[in-house]
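The exercises below ask you to read a protein model step by step, with the sequence and the coordinates side by side. Try each task before you turn to the solution that follows it.

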Amino acid sequence: MTLLQADALFDGREWSAAAALPVDVATRAAWVVPGIANLHSHAFQRAMAGLTERQQSDADSFWTWREWMYHFAATLSPDDVHAIARQLYIEMLEAGFTSVCEFHYLHHDVDGRPYARPAAMAEAIIAAAQSVGLRLTLLPVLYQRGGFDGRPLSERQQRFGHATDAFVRLVDDLRSASSAMPGVRVGVAFHSLRAVTLPTMREVLAALDEPGMPVHLHIAEQQAEVADGLATHGRRPVQLLLDELPVDARWTLVHATHLDEAEVHGVAASGANVAICPTTEANLGDGLFPLRAFLAAGGRYGVGSDSHVSVSPIEELRWLEYGQRLVEQKRSRALLGPGSNAEAMLRAVAASAAASTGQAVGVLDASSAVDALVLDAEAPAMVGATYEDVLDRWVFCGNRPLVRDVFVAGRRVVAEGRHPQRESAAAAYAATLRRLLSA
């Protein structure tokens with residue numbers, strides 16, 4: 001994590017703001033930080049935000065929320081997904097996310113059959129990201145069964161499912177189609193150990209392997225998943241994964257909320273990243289990730305906005321820290337010694353970004369293709385800011401957006417807090433959502 005003020009010298013490396021940023025930005029008083037990677041996104045769920053908050057029973061949980069999500073997902077077309085993703089990705093850019101890992105499992109038509117173009121949904125997501133200037137790591141998701149016990153996919157899950165050979169073809173086709181697209185990388189995702197067997201995961205990894213290929217999966221998000229793993233395999237899900245597959249730095253474990261001590265140390269030792277999604281995990285009642293123990297073990301993490309009840313890296317970071325404070329009844333939980341809480345978290349998400357995205361992100365250097373955020377030094381929250389306190393002000397000081405300009409690959413995509421497509425994307429999104437909700 002490097003923080004710059006104009007032509008400052010930090011970490012033993014000189015970086016001239018003018019080398020990557022236009023003069024009108026570089027010469028104004030400003031703080032410049034690396035763009036932030038969003039490590040976990042289900043774009044279509046942005047359109048559900050706020051629609052699942054009425055109590056249905058005292059037993060409301062992740063599992064009852066999931067049924068509503070299935071119902072909503074059953075209504076969406078590629079055009080709908082494009083409109084939703086475009087709106088979401090503009091919100092991400094304006095908030096300070098400059099890249100996203102899209103965990104994409106909504107593959108097929110409403111009846112579960114492939115589209116004439118099997119990649120139609122994925123192409124809609126790629127087009128949305130390309131149109132607004134957001135870096136995209138597309139993660140097609142393999143989803144084959146309904147639980148550890150091998151039950152088939154339910155009727156509501158048919159849009160998600162793939163035979164193994166069809167899934168490999170989909171990923172290969174997407175790789176070929178995106179190879180000439182700047183800022184687009186295709187990795188692979190397994191929905192969870194509930195949804196894909198270990199032998200199938202090995203088969204897919206062997207068929208699709210390439211250097212640095214990002215591999216993501218949901219794991220240990222809910223205690224029920226841990227209990228099912230123990231009942232079926234005699235091992236907790238994370239321990240099962242570590243025992244059976246070559247987990248390393250290219251892997252991103254999404255959530256990993258419920259870990260025992262051995263799993264904490266095992267994940268840290270593997271070099272894998274954990275994608276923590278505090279606002280979604282709170283919204284769904286998942287639980288709290290054991291951050292302090294993971295940091296003490298040398299673990300690596302980033303953040304994601306997942307279901308997009310919030311689209312703000314600041315809120316994810318803030319609640320990552322606040323959740324730990326509430327549990328431990330102490331402050332400064334995101335670092336193990338003296339220093340800035342915000343700086344510690346921002347350094348962590350910057351350090352994990354390249355491995356999880358498969359792209360050259362997370363640092364500021366002299367490259368003309370840098371991803372950077374210019375903070376609004378003239379905002380009230382930034383009055384008198386210094387190198388020692390500016391990041392803590394940004395993360396912990398109120399809810400007024402403090403990102404002024406956003407650069408992706410050296411190109412300014414947000415100026416004075418606004419994306420140039422904000423109005424047109426919002427109009428298309430509004431028309432789409434009104435139609436979906438009136439059906």
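**Exercise 1.** Decide whether strand β5 (residues 36-41) is enclosed or open, and find the strand that pairs with β5.

Solution. In this predicted model, begin with the accessibility of each residue, taking under 20% relative accessible area as the cut-off for buried. By that cut-off 6 of the 6 residues of β5 are buried, so the strand is largely enclosed by the rest of the structure. Next look for the pairing: β5 and strand β6 (residues 97-104) run in the parallel sense, joined over 4 bridges. As a check on the register, find Ser41, which stands opposite Glu102 in β6.

**Exercise 2.** Determine where Asp306 and Ala409 lie and whether each is buried or partly exposed, given that both have a positive phi.

Solution. The background is that most residues other than glycine have a negative phi. Asp306, although not a glycine, has a positive phi of about 50°, and Ala409, also not a glycine, has a positive phi of about 55°. Then place them: Asp306 belongs to the loop between β13 (300-303) and α13 (313-328), while Ala409 belongs to the loop between β15 (403-408) and β16 (411-414). Finally compare the accessibilities with the cut-offs, under 20% for buried and over 50% for exposed. Asp306, at 4% relative accessibility, counts as buried, whereas Ala409, with a relative accessible area of 39%, is partly exposed.

**Exercise 3.** Describe the surroundings of Val196 and of Arg404.

Solution. Val196 sits in the loop between β9 (188-190) and α7 (198-208), and at 1% relative accessibility Val196 counts as buried. Leaving aside neighbours within four places in sequence, the residues in contact with Val196 are Leu142, Tyr143, Gln144, Arg145, Phe190, His191 and Met201. Arg404, by contrast in setting, is found in strand β15, where a relative accessibility of 3% places Arg404 among the buried residues. The last step is to look at side-chain atoms: the side chain of Arg404 makes a polar contact with that of Asp405, at 2.7 Å.

**Exercise 4.** Characterise the largest cavity by its volume and by the residues that line it.

Solution. The count comes to 8 cavities of 30 Å³ or more, and about 230 Å³ of space lies in the largest cavity. Of the 22 residues lining the largest cavity, the closest to its centre are Phe62, Trp65, His191, His218 and Glu221. Helix α3 (residues 62-73) supplies the largest share of this lining, 5 residues. By class, the lining of the largest cavity divides into 8 nonpolar, 9 polar and 5 charged residues.

**Exercise 5.** Find which helix gives the most residues to the lining of the largest pocket, and which gives the largest share to that of the second largest pocket.

Solution. The largest pocket has a volume of about 320 Å³, and of the 16 residues that line the largest pocket, Ser312, Ile314, Asn399, Arg400 and Pro401 are the closest to its centre. Two or more lining residues come from each of α4 (78-95) and α13, and α13 gives the most, with 4 residues. The second largest pocket has a volume of about 260 Å³; of its 14 lining residues, the closest to the centre are Thr52, Arg54, Asp60, Thr64 and Trp65. Here the largest share of the lining, 3 residues, comes from α3, and the classes are 4 nonpolar, 7 polar and 3 charged.

Key. Residues numbered from 1 in each chain as written. Predicted model: local features only at pLDDT ≥ 70, side-chain atom pairs only at ≥ 80, totals over all residues. Heavy atoms only, no water. Buried < 20%, exposed > 50% of the residue type's maximum accessible area, 1.4 Å probe, protein only. Contact = heavy atoms within 4.5 Å. Polar contact = N/O pair within 3.5 Å; in protein donor to acceptor, adjacent residues only side chain to side chain. Pairing = 2+ DSSP bridges. 1 Å grid on protein atoms, 1.4 Å probe; cavity = no way out; pocket = protein on both sides within 12 Å on 5 of 7 lines; lining within 4 Å. Points joined across faces, edges and corners; volume = space filled by probe spheres on them. Nonpolar A, V, L, I, M, F, W, Y, C, P; charged D, E, K, R; others polar.
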